[in-house]
Amino acid sequence: MRQHSITMLGTGLIGDFYTTTLHGQRGRDRVRVAYPRSESRGRAFSDRWGIPGHTSDLASAINHPETDVVVVGLPNFLHEEAIALVAKAGKAVLCTKPLGRTAEEAKRMLDLVEGAGIFAGYLEDLCYTPKTLKALRAVQGGAIGDVTWVRSRETHPGPHSAWFWDGRLTGGGAIVDLGCHCVEIIRNFVGKGNRPVEVLCHTDTLVHPIADEDNAIALIRFESGAIGQFEVSWTFRGGMDLRDEVAGTHGTIWMNHFLRTGFEMFTAGSSGGYVAEKAETAAGWLFPVGDEVSELGYVDMFSDMFDALDGGRAPMETFYDGYVVNGIMDAAYRSAKSRAWEPLTIEWRGGETPRIASEPELYEGQVVIKREILPDGRQKLILKDPATGDFTDRVVAGA
């Protein structure tokens, strides 16, 4: 595997997460050039991570002769400009979430990288958390049968930079910031070839004096009949809550990624130190995160991206995935306005998925609706007569 030299566009919190991961995950890839939006931040960022150079000229950073990969960790409104320059330079590009502010913008970026024939990866870290990857392997192996419902929740007290709060720069509020994570987690569990058909969404602005939503909940209906549900909020107090639930015809998976994960600490004082992303206090009951870049998926995400680049294959998360996510979020915003189910209007490449169906179990000519074990070990069956449609209870001994 070759060593990659990286241009890092953006020196904020996400740039810190990305760089600490890149410098440690495979032990060979290094950020060579940083692009800050201010000279002082660029100098501090370069000193902090031992980066040889930085420049506040976007084109110069992208076209630097010693780098072969560009990582876009910029605010949403700068993605398209950066992607256009990277495509022209012919370098590999990895772009943070969300890909665009709208599906139309995301599609233009998808067309740019495909037209240039360059490697392009969508940096959707929460699809790569260790728990998520293990759960996906279980689901893909058939452990819970056909997935019928996925719930993904991400909430915290609000973004850490001013630009996040301006919908003109981001494309929206909590849905664009957090819902993009939830949507792609849902898509991974129901299957990326499972076409999202329509979306029903409610948004509101309950706490912050802003023009965009600080709370939202949505349902996504897929071609198989599966339902995805996401909940996002910028008003949740107490840190960052990341949870996913997956229900199938033969099982269930629950995951808690950040709070109540087995590491809890109480302090009556305050060290003033960093606890975890979006933590609101350094005193009282705290929920530290042992290895944050790993728990949030950055390590496995960048390993997949660079292994895919070296191996000549597509990564798990592509620009097309980012485009589909933007399409689902666009439908959510339309639904919030119309207060009705809104269809998706995207270029679909995933084929067709049959509706969830199973062959019913029969017992003495009756359709078994449900089995349950009684306290004495016998089984109770709820049965349906296929001829009359009548339902009956029957207690039987053994299986």
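This talk describes the sheet, two of the helices packed on the sheet, a contact between helices and the largest cavity of a predicted model.

Good morning, colleagues. I shall begin with the sheet. Seven strands make up an open sheet of mixed pairing, and their order is E12-E11-E7-E10-E9-E8-E15. The edges are held by strand E12, residues 251–256, and strand E15, residues 342–343; each has a single partner strand, so one side of each is left without a neighbour in the sheet.

At the E12 edge, the neighbouring strand is E11, residues 241–248, which runs antiparallel to E12 and is joined to E12 by six bridges. Within that pairing, Val246 has Ile253 of E12 as its bridge partner. Helix H6, residues 130–140, packs on the sheet and touches E11 and E12, together with strand E7, residues 147–155. The direction of H6 makes about 170 degrees with that of E12.

Helix H11, residues 319–338, also packs on the sheet. The strands that H11 touches are E8 (196–204), E9 (215–222), E10 (227–233) and the edge strand E15. Relative to the direction of E8, that of H11 makes about 55 degrees.

I turn now to the contact of H11 with helix H8, residues 174–190. The two helices pack at an angle of about 120 degrees, and their axes lie 9 Å apart. The crossing of H8 past H11 is right-handed. On the H8 side, the contact is made by Ile175, Val176, Gly179, Cys180, Val183, Glu184 and Arg187. They meet Asp321, Val324, Val325, Ile328, Met329, Ala332 and Tyr333 of H11. By class, the residues of this contact are 10 nonpolar, one polar and three charged.

Finally, the interior space. How many cavities of 30 Å³ or more does the structure hold? There is one, and the space in the largest cavity amounts to about 50 Å³. Its lining consists of Leu126, Thr129, Ser152, Arg153, Glu154, Cys182, Ile185, Leu242, Asp244 and His257.

Which element gives the largest share of that lining? Strand E7 does, with three residues. E7, H8 and E11 each contribute at least two residues to the lining. The character of the lining is divided: four residues are nonpolar, three are polar and three are charged.

To close, two elements recur in this account. H8 takes part in the contact with H11 and supplies residues to the cavity lining. E11 is bridged to the edge strand E12 and likewise supplies residues to that lining. Thank you for your attention.

Terms used:
Residues numbered from 1 in each chain as written. Predicted model: local features only at pLDDT ≥ 70, side-chain atom pairs only at ≥ 80, totals over all residues. Heavy atoms only, no water. Pairing = 2+ DSSP bridges. Helix = DSSP H or I, 4+ residues; strand = E, 2+ residues; numbered from the N terminus. Contact = heavy atoms within 4.5 Å. Axes fitted to C-alpha atoms, helices over the stretch in contact; angles between N-to-C directions. 1 Å grid on protein atoms, 1.4 Å probe; cavity = no way out; pocket = protein on both sides within 12 Å on 5 of 7 lines; lining within 4 Å. Points joined across faces, edges and corners; volume = space filled by probe spheres on them. Nonpolar A, V, L, I, M, F, W, Y, C, P; charged D, E, K, R; others polar. Left-handed = near helix turned anticlockwise from the far one by under 90°.
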